[in-house]
Amino acid sequence: MDLTLGSSRHTMAVIRLGSGRPPTRRAFLLLKLTAVTLSVLLFCEFLIYYGVIVRCHWPEVETPADGRGRGPPEPALRAMFLADTHLLGAVRGHWLDKLRREWQMERAFQTALWLLQPEVVFILGDVFDEGKWSSSQAWADDVGRFQTMFRHPAHVQLRVVAGNHDVGFHYQMNTYKIKRFEKVFNPERLFSWKGINFVLVNSVAMEGDGCDICSGAEAELLEISRQLNCSREQEHHPGRCGDGGPLPASAPVLLQHFPLYRRSDAHCSGEDAAPPAERGIPFQERYDVLSREASRKLLWWLRPRLVLSGHTHHACEVLHGAGVLEVSVPSFSWRNRNDPSFIMSKRQGMLTAVQHNKNTFVLWG
């Protein structure tokens, strides 16, 4: 009797386990749902960046092989410009917001490096959001995350200028914050490569009030101006540039955080310009843009062929006196705008082409 009962129980257990239709169907649906979810995540968080950035192309620069059409063409330089990444800090940055925004910027940057193969990348200030007040430990943490996100091969140059969120506005900045920033990022103000001179300006120090930091910054720019002028005259007066050797005899590209003075963004247009309701709002000198005086000094001292700036988080193209083009680079952070972007430029021979949206600007000199 006990054996029969045990056998009956065993038979019932076998029947229950053997009729596996409902569990199998549920398992199949769960597997299908998991596959769809992973596919959506893979597309939205990884593949979509390739689909968007693959449509970007370097601007074409058509030049003769040399001045008379003989010889091989000069090598081209491919440069990419970003601005206002605003990596969140320990005070205002929620961990989930950090994770989301920094993943987006990292994937966009790494995808652009892989697809576009720039030779030099410039970030035009406000790399960090809280550099103006962060502690030593918070600064070290932020720098570590930046170096992970914007890692790059050794053959790619990465140059950064200071913004007001990195070292503070004029009334907040001090020597300690500037030295801390320059310890991480190359403090070189004049950078020449493939016949192009780039001048990296600490525009936060262009206050014009004679403070020690401001006076030092202006003295550096005056020395750079002397070197550039000397290089332009080298052909007619050789040997006047001293022992350092002449720079390329070409007008520089001016890189800074604050834009040169303009009244507002009223004349700006395009997909990544400021919203129409904001374009007419007047800019405040020394806060939204450089002062008139500082802008005149930079244009007079350096006589640039092109100016690139950030700070406003929106794109704009402005012609200053004597036809100098300034392009304000939109923010690269999804926290600041829903369509972050970057600027691409290609230089070959005496021509520089700048690609912004669907517009290509070709500059001589």
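Partly exposed means a relative accessible area between the buried limit, under 20%, and the exposed limit, over 50%. Select Lys194 to see a case: its relative accessible area is 33%, so Lys194 is partly exposed. Keep in mind throughout that this is a predicted model.

**Stop 1: Lys194 and its partners**

Stay on Lys194. Lys194 sits in the loop between E4 and strand E5 (196-200). Check its backbone next. Phi of Lys194 is positive, about 50°, although Lys194 is not a glycine. Most residues other than glycine have a negative phi. Now add Arg78 and Glu119 to the selection. A network of salt bridges links Arg78, Glu119 and Lys194.

**Stop 2: Asp84**

Move to the loop between strand E1 (77-82) and H3, where Asp84 is found. Here too phi is positive in a residue other than glycine: Asp84 has a value near 55°. Is Asp84 buried or exposed? Its relative accessibility is 0%, so Asp84 counts as buried.

**Stop 3: the whole protein**

Zoom out and colour by secondary structure. The protein has 9 helices and 12 strands. Of its 365 residues, 48% are buried. Look at the contacts between residues at least 6 apart in sequence: 73% of them join residues at least 24 apart.

**Stop 4: H3 against H4**

Select helix H3 (residues 95-116). Add helix H4 (residues 136-149). The two helices, H3 and H4, pack at an angle of about 35°, and their axes are 9 Å apart. Which residues meet here, from H3 and from H4? From H3 come Lys98, Glu102, Met105, Glu106, Phe109 and Gln110; from H4 come Arg145, Thr148 and Met149. By type, the contact of H3 with H4 has 3 nonpolar, 2 polar and 4 charged residues.

Now pick out Lys98, which lies in H3. Lys98 is buried yet has no salt bridge. How far away is the nearest side chain of opposite charge? That side chain is Asp142, and it is 5.3 Å away. A salt bridge needs a side-chain nitrogen within 4 Å of a carboxyl oxygen, so the pair of Lys98 and Asp142 at 5.3 Å does not qualify. Show the surroundings of Lys98 as sticks. Beyond its neighbours within four places in sequence, Lys98 is in contact with Leu88, Gly89, Ala90, Gly93, Trp103 and Arg145.

**Stop 5: Asp142 and Arg145**

Both residues have just come up, and both deserve a selection of their own. Asp142 and Arg145 form a salt bridge, 2.7 Å from N to O. Side chains of opposite charge can pair when their charged atoms come close. Asp142 and Arg145 both lie in H4, 3 residues apart, about one turn of the helix. Asp142 has a relative accessible area of 3%, so Asp142 is buried.

**Stop 6: Arg189 and Glu220**

Next, select Arg189 and Glu220. The two form a salt bridge, with their closest N and O atoms 3.3 Å apart. Arg189 is in the loop between helix H6 (175-184) and strand E4 (190-193), and Glu220 is in helix H7, so the pair ties together parts that are 31 residues apart in sequence. Glu220 has 39% relative accessibility, so Glu220 counts as partly exposed.

**Stop 7: H7 against H9**

Keep helix H7 (residues 212-233) and add helix H9 (residues 292-302). Their axes are 8 Å apart, and the packing angle is about 30°. H7 and H9 are therefore roughly parallel to each other. On the H7 side, the contact is made by Glu218, Leu221, Leu222, Ile224, Ser225, Leu228 and Arg232. On the H9 side, look for Lys297, Leu298, Trp301 and Leu302. The contact of H7 with H9 holds 7 nonpolar, 1 polar and 3 charged residues.

**Stop 8: Lys179**

Go back to helix H6 and select Lys179. Its relative accessibility is 53%, so Lys179 counts as exposed. Add Val167 and draw a C-alpha to C-alpha distance. Lys179 and Val167 are 9.4 Å apart in space and 12 residues apart in sequence.

**Last stop: Asp265 and Arg262**

Finish with Asp265 and Arg262. Their side chains meet in a salt bridge, 2.9 Å from N to O. Both Asp265 and Arg262 are buried. How many salt bridges does a search of the whole structure find? The search finds 19.

How values were computed:
Residues are numbered from 1 along each chain as its sequence is written. This is a predicted model: local features need pLDDT of at least 70, side-chain atom pairs count only at pLDDT 80 or more; totals for chains, interfaces and linings use all residues. Side-chain values use heavy atoms; hydrogens and water are left out. Axes are lines fitted to C-alpha atoms, for helices over the stretch in contact, and angles run from 0 to 180 degrees between N-to-C directions. Helices (H or I, at least four residues) and strands (E, at least two) are DSSP runs, numbered from the N terminus. Angles under 35 degrees count as roughly parallel, over 145 as roughly antiparallel, 65 to 115 as roughly perpendicular and the rest as oblique. Contact means heavy atoms within 4.5 Å. Ala, Val, Leu, Ile, Met, Phe, Trp, Tyr, Cys and Pro count as nonpolar, Asp, Glu, Lys and Arg as charged, and the others, Gly among them, as polar. Buried means under 20% relative accessible area, exposed over 50%, partly exposed in between (1.4 Å probe, protein chains only). Lys and Arg count as positive and Asp and Glu as negative; His and the chain ends are not counted.
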